[in-house]
Every structure is written in C-alpha cells, then in structure tokens.
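Visitor: I would like to take a close look at one part of this molecule, namely the contacts between charged side chains. Could you guide me through them slowly?

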Amino acid sequence: MHPRDQTIFALSSGRPPNAISVVRLSGAHAAPILSSLAGRIPPPRMATRALICDENQQPIDDAVLLWFPGPKSATGEDVAEFHVHGGRAVLAALFAALSSFENTRAAEPGEFTRRAFENGKLDLTGAEGLDDLIHADTDRQRRQALRQLKGLLGDRARNWRAQIIEASAWIEAGIDFSDEGDVSAELMAPALVKIRALHAEIAEVLAAQGRSERLRDGLVVAIAGPPNVGKSTLMNQLARREIAIVSPHAGTTRDIIEVQLDLDGYPVTVIDTAGIRTTDDPVEQEGVRRARTRASEADLVLWLVEDDSHDHGFEGAAPVWTVRNKIDLDALKPHVAGMAQTSGSRYFEISASRGDGLQELIAALVGHAEDYFGSTEGGLIGRERQRRLLRETAASLQCSMETKGEELVAEDLRTAAHSLGRLLGRVDVEDILDKIFREFCIGK
C-alpha cells in the first residue's frame, strides 16, 4: 500500500509525562481500529468516555474518545483522537496497540497537515500560516500567522487567479475568431482592462511598507565592543535572567550567546559577542572573528564603551548605536542616564549593573523595531517565497500589457496564473512540499 493510503497516528500534545495526552489517528482504517480498541465508535464530534484495550483485551487506559468522520475532519480523512493519561507507559502501550494493525504506522513530521493540504482542507499559504502559528513566540507573530491561516493571502490569490483565467479565456476566444477582426478586438479590450486592474492591485500589495515576512525571523541586535565593558551584564539585564557569565576578567565571553526576547510583541534576538581586541590567544582570536562576523550580519549593533569614544570600526548597512556603560563608576564627570544625539547618530549613557538608563535604551529598541517591521497588521505576505511568486505574477501581467499579439498575451497570462497556482500549492510544487511540511512537528 502507498504510504499516503496508510493510516497514520502520532502524539499531538506535549512530551510526556502530562496530565492528559492526545493521540491522533487518521486514515481509511481509523474506524475499524477505533472500534477494535474501544469496542464501539462514538457519535461524531462528541467526547465519549471508554476503556481502550489491546488486541489481547488487556486494558490500556480509561480514555476520552473523539470521532471525526471524513471529509468533515482536519485532514479530510476519518480521524480519531484518544485523550489518555499522559504517562509514558500508557502512551507506549497505546502506540504498540496501534502499530499492531495492518497498514497503520507512525506519522512523519507534518504529515497530518500535508494530508489536509492534499485533501483540499487548506492551501499552501494556510499551511505556512499554521507552521508560523505553531512557532510564534510573540503576540504580533501569532496575529500575523492567524491571518495567514484564515486565508488572508490565499483567498486573494484564488480570486486573482480566477480573474486571470477569465481574461485569458476571453483572449483565447478571440484567437479562435481571429478571422473576424471585430470579435477579436471586442474580447481583447475588456481583458486588458481586467489585467491592468489586477496588476495595479498586486503591485500595491508588493509595494506596501509592511515587512511582515521579517516578523517571522525577528530583529537581530548584536552587543559588541572591547573586552570587559559590560556586554554580558547588559545581556543579562535585557533577558532579566543570568544568560551570560559576568566576570571582571577580560575575555570571559569567547563564543556567541543568543537569547530570544519579546519587546512589546516584537521578536528580538539579542547576541552577546566576544570582546573585540587584538590578542595572541588562538581561542580568543576565533571568538573575536566570530563576533565581528555575527555583528556585521545583525540588523542593529549596540557598541558598548566605557568612555566617550564613538569609533567602532564596523562596516555595513546596519546602524550602530554607541552605548557608554558604567557611568555609575565615573565620579569626575556628572552624567544623566539616557539617550542623546551625537553627530546624527544615537548615543546612550547607562549603568548596566545598576539599571540607570536601561528603560530609555529599551524604549529606543522598541521604537527601532516598530520602524524596522513597519505596519504588519494588514500585511498579506508572510514569507519570501510568497513575495517572489507575487513578483513573478506581476512581471507576467506587465509583459502581457506590453506584448503585441493575442498569442503572446495569452502565454503571459498562463505564466501569471501558473505563478499564483504555485503560491497556493496547486500546481508544480512537489519540489517545495517536502521542505515546508518537514519543518512541522510530528503529530501536526
């Protein structure tokens, strides 16, 4: 039997031990398997308590069952759920019982969602939205993923594709009546009007300032500077826990330390790097090399110093903020903690150990994140793949408006419809399906 025709099962809740674990079963044999283990099939979509037993009628657990007959189920197939006590022994016994049935096996990562996609329960943009929802760390990421899952982009793309196919049908009908010039012209004119309107609509989506696809990965902020200026202390303060080792000895941090933060709903990755200096220690040299490389790849660099120096020596597109630390130790010069403007750049004075000026720095980081991500509330595009295919669609529509000859226009429209079909996952996408669904967890 082909793997896609086999019945699959997996743990769909957290790792054991748990109070309750959910085991999901999907496929053509779900009904007889459920009947064999529980002695009956409960009413659809109604939680039912039952004692489940193995093939030797040995009790496994007193469980709650749910039955979702296809096609009105998450995968479009017959689906059963076993809500059992979440001990490892209970799950092991249930998995052994399920595995004993013919043509039944453990699911691969993302296989439940892939079956839902193949059975028309959601398109590829919805599947990507589901994956983003599972991995969302902040509230803004959650809201964006939920919009994708609900079809914010998919519904628009289906409508665009239907209109392109309609315009293409008019033009091809004109080709069929090419010997009658007036008929061809009458069909071509409304088709071009529709094409122009579609191109303008898609171009407007692409030109939007929202950077919603960046919200998936977050803003990367690197803390860099000479040794022993308080980088690790600042890292711990931002994380509000002991992430990095703090020591009065220079060169303590020799590798890259990362922590994920939620700043007002924006995902931010803060990186603590090794102190940048000239050294003969080969291990520290490698740490300095990695620090420079990682900082150059960041979206924002916080350059920590102990004096008024602004010479960071970084080259790249990312902005560099100078942060003067340890102002609490300087008794000779009075300081007001917070932010100042110096030569058009941002300059902060803080005490990472005491907390002076940290609120101003964090507020500035939140403001920078707002500018970086832009407005994501109405953003349609969630991934670079989606943006690339929409660009291809717009380019094909542009060509169709500039091309002379009905046959060439029709070909451009077929290319545009094909790009939107790939966006939805309905044509020629086998090369990317494995990659997308492999990123899902098992049981989803």
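Visitor: How many salt bridges does the count come to?

Guide: Please keep in mind that this is a predicted model, in which the count comes to 19 salt bridges. Let us begin with Arg115 and Glu77, whose side chains meet in a salt bridge with 3.1 Å from N to O. This pair links distant parts of the chain, since Arg115 lies in helix H3, which covers residues 111–118, while Glu77 sits in the loop between strand S4 (59–68) and strand S5 (79–86), and the two residues are 38 residues apart. As for their surroundings, Arg115 and Glu77 are both buried.

Next come Arg105 and Glu111, whose side chains form another salt bridge, here with 2.5 Å from N to O, and once again each partner, Arg105 as well as Glu111, is buried.

For a pair in another setting, turn to Asp356 and Arg354, whose side chains also meet in a salt bridge, with 2.5 Å from N to O. Asp356 counts as partly exposed because its relative accessibility is 22%, and Arg354 is classed as exposed because its relative accessible area is 55%. Returning to the residues we looked at earlier, Glu77, Arg105, Glu111 and Arg115 are joined into one network by salt bridges that share partners, so the first two pairs I described can be viewed together as parts of that network.

Notes
Residues numbered from 1 in each chain as written. Predicted model: local features only at pLDDT ≥ 70, side-chain atom pairs only at ≥ 80, totals over all residues. Heavy atoms only, no water. Salt bridge = Lys/Arg side-chain N within 4 Å of Asp/Glu carboxyl O. Helix = DSSP H or I, 4+ residues; strand = E, 2+ residues; numbered from the N terminus. Buried < 20%, exposed > 50% of the residue type's maximum accessible area, 1.4 Å probe, protein only.
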